[in-house]
Amino acid sequence: MSVTDRTSLPLSLITPSAKACCRTDTGRGAAPTDPVVALVGAPNTGKSTLFNALTGAGVTMGNWPGTTVEVSRGLWRSTAAEVACDCETCTCDDADGRLDITLIDLPGTYSLDPHSPDEALTRELLVGKPAAERPDLSVVTCDAARLTSCLYLVAQLREQKLPMVVALTMGDVAAKRGVHIDVSALARELGCPVVEIDPRRRGGLMALAEAVRDGLGRPAPAPRATPLDDDDLALEDDRFAWIAHVVDAATGAAAQNARTWSDRVDRWVTAPVVGPLIFLAVMWLVFQLTTTVAAPLQDLLDDVFSGPVSQGAIVLLSAIGLGGSWVQGLVVDGLIAGVGMLLTFVPLMTLMFALLAILEDSGYLARAAVVTDRLMRSIGLPGRAFLPLIVGYGCNVPAISGTRILPNARQRILTALLVPFTSCTARLTVFVMMGAIFFGPYAGTAVFAMYVTSILIIIVVGLGLRSTLWRKEPIDPLVIDLPAYQVPTIRLTASVTWLRLKGFLQTAGGIIVITVAAVWLLQSVPVTPGKNFAEVPVSDSVYGVVSSGIAPVFAPAGFGSWESASTLLVGFVAKEAVISSWAQTYAVAEPDNHAAPGDLGAAVFQTFTESSGGHPVPAALAFMVFLMAYTPCVATLAAQWREIGPRWTLFGVGMQLVVAWTLAVAVFQVGRLFL
Amino acid sequence: MTAPTVAPLSALLAEVAAGTPTVAEMARNTGLSTDVLRAGLDHLVRTGRLQATNLPIGCPPSGCGGCAAAGGCGVAEGGNSLVTLSLTRR
C-alpha cells in the first residue's frame with residue numbers, strides 16, 4: 001500500500017532526497033530522504049492515471065483537460081522485481097531492489113513557457129529552483145498518438161541538465177491510428193530513456209521503475225545545444241525542427257509524410273480551378289436528383305391536397321352548414337390551397353436536406369468551404385465571410401447572426417449586406433416550382449443556374465462594395481484543418497435531415513398560416529362598392545388593386561401582371577409564401593379547379609405568357625432572378641436591423657431592390673431576343 | 001514534396017500570412033508533416049502569435065431556444081464549431 005497526500009504543495013516542501021529503505025508502517029508518508037521524481041506532461045497524456053497507478057490512490061482520473069490543476073505528492077514504492085510490492089504484508093527493513101520515491105504530480109502543461117499559472121509553476125519547480133531543490137528526475141508522459149504535440153516540453157527539458165525518462169502512453173490508440181513508434185530510435189534521438197507504458201492496465205510499470213532507478217543513479221545527460229540567438233521565434237523554430245527530426249526518426253519520415261487517399265482526393269477537390277468545377281458539378285447533381293426523384297411524390301401530394309383533402313373539407317363544412325360561406329373560402333381556398341401547396345414540397349425538401357447532410361457528414365462540405373474561401377480571397381473579400389455566406393444558403397437569419405465571427409464592424413456590415421443574396425432553401429421551393437412549370441426535364445439545371453447566379457451576384461456586389469465603401473479593409477488569413485473523409489452514417493443523416501425538415505414544417509405551420517390568412521383576408525375585402533366580403537374577384541380586392549398598382553414596375557422584366565407582383569409583395573414576409581399566395585390567387589380566381597392538378601402551373605404559365613408578350617421563359621427566368629436577389633424575408637430584415645443597425649439595413653434593402661430589378665430587366669430584355 | 005524546412009514555425013506563419021487555407025496544403029508547401037504543422041499551430045496559438053476564433057455559425061449564446069431560425073439552420077445539434085486562425089502582431 002502506498003500513501004498519497006493530495007494537497008496544494010508549498011514549493012518549499014519539494015526537497016529532493018534519497019531513501020532506499022522499505023518501511024513496515026503501511027501508512028508512512030514521503031520521507032525527506034527519499035528521492036524526488038516529478039511527473040510532468042501535457043494534459044490528457046495519462047499522467048494522473050500513471051500517478052495513481054504508481055502511488056495507489058488519490059488523484060481523480062479522467063480524460064478532461066486540466067484535471068491536474070494542483071500539485072499532488074505520493075509515495076512510490078518502486079521495485080524492479082517481477083511482482084509488485086505488497087506493503088501490507090511486507091515486513092522487511094531493507095528489502096532488496098526496493099526504492100521509496102517521493103512522486104510529485106505536476107500540473108499538465110505543454111511547455112515550460114509561463115503562459116499560464118500551471119506552466120509557470122512547472123517551470124518554477126523544474127528549472128527555476130536551484131539545482132539542489134529540483135526533483136532528482138523527471139518522468140515526462142507523452143501520448144504516442146499525439147507524439148509531436150508532447151515533444152515541445154521534452155525539447156525544453158532537454159535543454160536543461162535534468163535526468164529524465166519519457167513514458168510513452170496511449171500506444172494502443174496510436175496503433176489504431178496507424179502510428180508505430182520505434183522506441184529505441186526515439187530514445188536515441190531524444191537522448192534519454194523511453195519506456196512504453198499502459199498505466200490503466202499497469203503495463204510497463206516495472207520497466208519504468210527500472211529506468212527511473214537507473215536514471216537516479218547516473219549523472220544527468222548533457223543538455224541539447226540550442227542556438228545562441230536571443231530571438232524567441234528562432235529558439236522555438238529550433239525546437240520544432242528538432243521535434244520534426246525526432247518524429248521522423250521515430251516514426252519514419254515516409255510514414256509521417258505518407259499521403260492518405262483523403263489527401264489524394266483533396267489535391268483535386270480543393271484545387272484552385274478543378275475544385276470549384278467539382279463543387280458546381282456536385283451541386284448540379286444534388287439539384288438534378290432532388291427535382292427528378294421528388295417530382296412524382298410532389299405530384300402525388302398535390303393530388304391529395306387538391307382532391308380528397310379539399311373535397312373532404314367542403315363536405316365537412318357543408319355538413320355543418322358552412323358550405324359556400326366565407327369560412328369555406330378561408331379553409332379551402334386559403335389554408336388548404338396555400339399551406340397544402342407548400343406541403344407538397346416536403347418530399348423535395350427531405351431529399352435535398354438528406355443529400356446535403358450526406359455531403360456534410362462525408363466531409364465534402366468542409367472542402368467546399370475551402371473552395372469558397374479561396375474564391376472569396378481571390379476577389380478580395382474577407383476569408384472568414386465564407387461561413388456566414390454558406391450558412392445563408394440554408395437560412396439567411398442565422399447567417400446574418402453568424403457575421404459576428406468577423407473581427408471588425410465594417411467587415412460584419414459588408415458580409416451582412418451580401419448574405420441576403422445567398423439563395424436560402426425557402427427560395428428553393430419557388431425555384432423548383434418555376435423550374436417544373438417552365439423548364440420541364442431541365443428543372444434541376446434551372447434551379448442550379450439560380451444558385452450559380454447567386455454566387456455571381458455575391459462576387460459582383462462584393463467586389464463593387466470592396467472597391468467603393470470597403471477599399472481599405474485588410475483581409476484576414478484563415479486556416480481550416482480538413483477532417484478525413486468518412487462514410488456518412490444513416491443516424492446522423494436522418495437526424496440532420498429531420499432537424500432541417502422540422503424547421504421547414506414549423507415555418508409552414510406558423511408564419512405561412514398567418515400569411516395565408518392575411519392574404520385571404522386582403523383578397524376578400526372588396527375595393528369597389530356593391531361587392532360583398534369574400535365574394536369579390538381577387539382582381540377587385542384590396543390585394544388585387546394594390547398589386548395592380550405596383551405591377552407596371554415589373555413590366556420591363558416581363559412579369560408586370562398583378563398576379564406575379566402580388567406574390568413578390570407577399571414574399572417580403574417569407575419566400576415560401578410566394579407559392580401559397582399563388583395557389584390562393586388562382587384557387588379563388590378559379591374556385592372550381594380544386595380537383596385539377598397541374599392547373600396552377602398552367603395558370604402561372606398563361607400569366608407569364610401574357611405579361612411578357614409571348615416570352616414566358618425569359619420572363620420566368622427574370623422573375624426567378626428577382627426573387628433570388630431581392631429582400632429575403634422580414635426575419636432576415638430583423639436580424640440585419642439587430643446586427644448592423646437601421647441605416648445599413650435600409651441601404652441593403654435599397655441595394656437588393658436595385659440589383660434585383662436591374663438584373664431581372666437585363667435577363668428578360670436579353671432573353672426575349674433568343675427565347 | 002518540398003524538403004522539410006529548418007524553421008517550421010516561421011514557415012507556418014508565412015503560410016498563414018499567405019492565406020494557405022488547409023493544413024494539408026501547408027504540408028505540401030513546406031515539406032513538414034501534418035502532425036508537426038498541427039502541433040506548430042497549437043503552439044503558435046498558445047504563445048499568442050496566432051489568434052484562434054471559434055466560428056459559432058450564428059448561434060446565440062443562449063442556444064437554439066433563443067433563435068428564431070432554430071431547427072432550420074442545421075447546427076442545433078452537436079455543438080462543435082469550426083475554428084479560424086489569424087495572425088496577431090507581437
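Biologist: Why is A:Cys142 called buried?

Modeller: The relative accessible area of A:Cys142 is 0%. Buried means under 20%, so A:Cys142 qualifies. Keep in mind that this is a predicted model.

Biologist: What makes you say that A:Cys142 is in no disulfide?

Modeller: The structure holds zero disulfides over all chains. For A:Cys142, the nearest cysteine sulfur belongs to A:Cys150, 4.7 Å away. A disulfide needs sulfur atoms within 2.5 Å. The pair A:Cys142 and A:Cys150 therefore does not count as one.

Biologist: And A:Cys424, what makes that residue buried?

Modeller: A:Cys424 has a relative accessible area of 8%. That is under 20%, so A:Cys424 is buried.

Biologist: Why does A:Ser138 count as buried?

Modeller: The relative accessibility of A:Ser138 is 2%. With the limit at 20%, the label follows. A:Ser138 lies in strand β5 (residues 137-143) of chain A. Leaving out residues up to four places away in sequence, A:Ser138 touches A:Ala38, A:Val40, A:Leu126, A:Pro163, A:Met164 and A:Val165.

Biologist: What makes A:Trp498 partly exposed?

Modeller: A:Trp498 has a relative accessible area of 47%. Exposed needs over 50% and buried needs under 20%. The value falls in between, so A:Trp498 is partly exposed. A:Trp498 sits in helix α19 (residues 490-509) of chain A. The C-alpha atom of A:Trp498 is 8.3 Å from that of A:Phe353, 145 residues apart along the chain.

Biologist: How do you know that B:Glu25 is buried?

Modeller: The relative accessible area of B:Glu25 is 17%. That is under 20%, so B:Glu25 is called buried. B:Glu25 belongs to helix α2 (residues 23-30) of chain B. Not counting residues up to four places away in sequence, B:Glu25 touches A:Arg374 and B:Thr20.

Biologist: Now the helix pairs. Why are α17(A) and α24(A) called roughly perpendicular?

Modeller: Helix α17 (residues 425-439) and helix α24 (residues 599-611), both of chain A, pack at about 75 degrees. Roughly perpendicular covers 65 to 115 degrees, so the pair α17(A) and α24(A) qualifies. Their axes are 10 Å apart.

Biologist: Which residues make the contact between α17(A) and α24(A)?

Modeller: α17(A) supplies A:Met433, A:Met434, A:Ile437 and A:Phe438. α24(A) supplies A:Leu600, A:Gly601, A:Val604, A:Phe605 and A:Phe608. By class, this contact of α17(A) with α24(A) has eight nonpolar, one polar and no charged residues.

Biologist: What makes α21(A) roughly perpendicular to α22(A)?

Modeller: The axes of helix α21 (residues 542-550) and helix α22 (residues 562-570) of chain A cross at roughly 100 degrees and come within 8 Å. The window is 65 to 115 degrees, so α21(A) counts as roughly perpendicular to α22(A). The contact residues include A:Tyr543 and A:Ile550 of α21(A), and A:Trp562 and A:Val570 of α22(A). The contact of α21(A) with α22(A) has seven nonpolar, five polar and no charged residues.

Biologist: Which residues touch the most other members of the largest nonpolar core?

Modeller: A:Leu428, A:Met434, A:Phe559, A:Trp582 and A:Phe608. The core has 99 residues. Helix α25 (residues 616-629) of chain A gives its largest share, ten residues.

Biologist: With what is A:Trp582 in contact, leaving aside its neighbours within four places in sequence?

Modeller: With A:Met433, A:Met434, A:Glu563, A:Thr567, A:Leu600, A:Val604, A:Phe608 and A:Phe623.

Biologist: Which residues does the second, separate core include?

Modeller: A:Ala38, A:Ala145, A:Leu186 and B:Leu13 are among its 55 residues. In helix α1 (residues 8-18) of chain B, the buried residues are B:Pro8, B:Leu9, B:Ala11, B:Leu12, B:Leu13, B:Glu15 and B:Val16. Just after α1(B), B:Gly19 has a positive phi of about 90 degrees.

Biologist: How many helices and strands are there in chain B?

Modeller: Three helices and two strands. Along the sequence the pattern is α-α-α-β-β. Of the 90 residues in chain B, 48% count as buried.

Biologist: And what does the secondary structure of chain A come to?

Modeller: Chain A has 26 helices and seven strands. Buried residues make up 53% of its 675 residues. Of the contacts in chain A between residues at least 6 apart in sequence, 74% join residues at least 24 apart.

Notes
Residues numbered from 1 in each chain as written. Chains lettered and ligands numbered in written order. Predicted model: local features only at pLDDT ≥ 70, side-chain atom pairs only at ≥ 80, totals over all residues. Heavy atoms only, no water. Core = buried A, V, L, I, M, F, W, Y, C linked by side-chain atoms within 4.5 Å. Buried < 20%, exposed > 50% of the residue type's maximum accessible area, 1.4 Å probe, protein only. Helix = DSSP H or I, 4+ residues; strand = E, 2+ residues; numbered from the N terminus. Contact = heavy atoms within 4.5 Å. Axes fitted to C-alpha atoms, helices over the stretch in contact; angles between N-to-C directions. Parallel < 35°, antiparallel > 145°, perpendicular 65-115°, else oblique. Nonpolar A, V, L, I, M, F, W, Y, C, P; charged D, E, K, R; others polar.
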